[in-house]
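Reader: I'm new to this one. Could you walk me through it in plain terms?

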Amino acid sequence: MTHARTVEQLRSAFERGATKPLAWRLAQLRALRRMLTERAADIEDGLLADLAKNPTESQIAEIGFVVGEIDHTVKHLRRWLRPRRVSVPGALLPARAFTVLEPVGVVLVIAPWNYPVQLLLAPLVGALAAGNAVVLKPSELAPATSAVMARLIPEYLDTRAVAVVEGGAEDTTDLLAQRWDHIFFTGNGRVGRIVAAAAAEHLTPVTLELGGKSPVYVDRTVDVAAVARRIAWGKFMNAGQTCVAPDYVLADRDVAPRLATALREAVRDLYGDDPSLSPDYGRIVNDRHFARLTGMLGSGTAVVGGDHDAATRYLGPTVLTDVAEGSPAMAEEIFGPILPILPVDGVDDAIRFIRAGDKPLALYVFTSSATVRRRILTETSSGAVGFGVPAAHLAVAGLPFGGVGESGAGAYHGERSLRTFSHEKAVLSKPLSPDTLQLVYPPYTEAKDRFARGLLRKLG
């Protein structure tokens, strides 16, 4: 099935100017907010069916997250859209220079399954704020949530400019064959390469929000029990199926065994003696991912968890020790509730280990040493750094969210979302009189040559 007709209809609405007025943009954002609040129960039911996600967690990490993004954008959008003045070189005066943001056109947003509301709608907020028409492609691996989005979005948003396309790989392939003005993809690096290659056919700019093995470093200067609670929360929410979840821990050698013990207590505090009975602990999305994850359990010794049930796709919060660097759990992003702990000989060893791998989406550090913090910031590269807390940087609307290298290209959230989905147009306005440019018009004379050489020295 081709989706060319859908794209054509949205492009027609964009070219007629339907999406450009500020009033339209604000109306769409407010309508999206109403959908999230008025139909929250429907959305929660979809997330529960797909991921066994607790409704409170759905409010925090999915629905409420997007509502907060909308509120922040609506509050600041008029200011963000104002032209930005730029200074003009003296040789060009009198003149004015400024930039204006214009929508890029028709945008494709491809969302993953792990946060199927947040990661579908948060990019939509930026695309609508920028004045674009948008096609949304929810993940077929979260079918209940996809169906809810496909049903609700046309009820609340302008169908001339916003469309939802459901389906599997065939539909995604067809969508990627169309001409877009921007493609926003969240997912893994393998599919990210396919998206980038398809986009290159039309020279379409892309934002790639990918994953990676986000490390944690813990040194001997911190309260291990407090650190364990933070790590357990960030790692095991959504059953570890979070792109910015701690992937593995590098702990000072004398800290590692104490941290493993503290993580056992932290898991008990969060999910009780038997997490399989906790309404707050999710499930693995499908059988394929369950098999992939359980195949990693042999990478070390399970000092916490390791229990699993294929019938319900339950995999308990698991902490592994005695993990070799070349083991399956260290060969790829885990993206599940398995946390290896590897002992290191201090910050030098930790930095060496981190730099030996791909640049991660996030890097988390627990230390009270200002020197260690500075060294991590200056001697490693990652999409983000969190000191003292994992994952929470996503909740700061003023911080750009995105990766670097293998973990992604481009960023969004807050004003950065608006700029991601806009073209910043350069504008120079110079009156015809007085005509100061006559100093650079041919025919060139000795005096004009002296002026040009002097101007170059000043500009240099």
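Author: Sure. Two strands pair if DSSP finds at least two bridges between them. Keep in mind that this is a predicted model.

Reader: How many bridges join S8 to strand S9?

Author: S8 covers residues 215-218, and S9 covers residues 248-252. They run parallel, and one pairing puts Val216 with Val249 in S9. From S8 the chain crosses through helix H9 (residues 224-236) to S9, in a right-handed β-α-β crossover. The number of bridges joining S8 to S9 is four.

Reader: Which residue in S15 does Val218 stand opposite?

Author: S8 also pairs with strand S15 (residues 363-366), in the parallel sense and over three bridges. Val218 points the other way from Pro215 and Tyr217, along with Val216, and all of them are buried. In S15, the residue opposite Val218 is Phe366.

Reader: What do the buried residues of H13 pack against?

Author: Helix H13 spans residues 347-356, and its buried residues include Val347, Ile351 and Phe353. Their neighbours include the strands we just met, S8, S9 and S15. The rest of the list is helix H12 (328-331), strand S14 (338-344) and helix H14 (370-379).

Reader: Why does Tyr441 count as partly exposed?

Author: Tyr441 sits in the loop between strand S18 (422-429) and helix H16 (446-459). With Leu439, Val440 and Phe451, Tyr441 makes a nonpolar surface patch of about 320 Å². Buried means under 20% relative accessible area and exposed means over 50%, with partly exposed in between. Tyr441 counts as partly exposed because its relative accessibility is 36%.

How values were computed: Residues numbered from 1 in each chain as written. Predicted model: local features only at pLDDT ≥ 70, side-chain atom pairs only at ≥ 80, totals over all residues. Heavy atoms only, no water. Patch = residues over 30% accessible without salt bridge, like charges linked within 9 Å, V, L, I, M, F, W, Y side chains within 5 Å. Areas by Shrake-Rupley, 256 points an atom, 1.4 Å probe, with all protein chains shown as cover. Salt bridge = Lys/Arg side-chain N within 4 Å of Asp/Glu carboxyl O. Helix = DSSP H or I, 4+ residues; strand = E, 2+ residues; numbered from the N terminus. Buried < 20%, exposed > 50% of the residue type's maximum accessible area, 1.4 Å probe, protein only. Right-handed = clockwise from strand over helix to strand, strands pointing away. Contact = heavy atoms within 4.5 Å.
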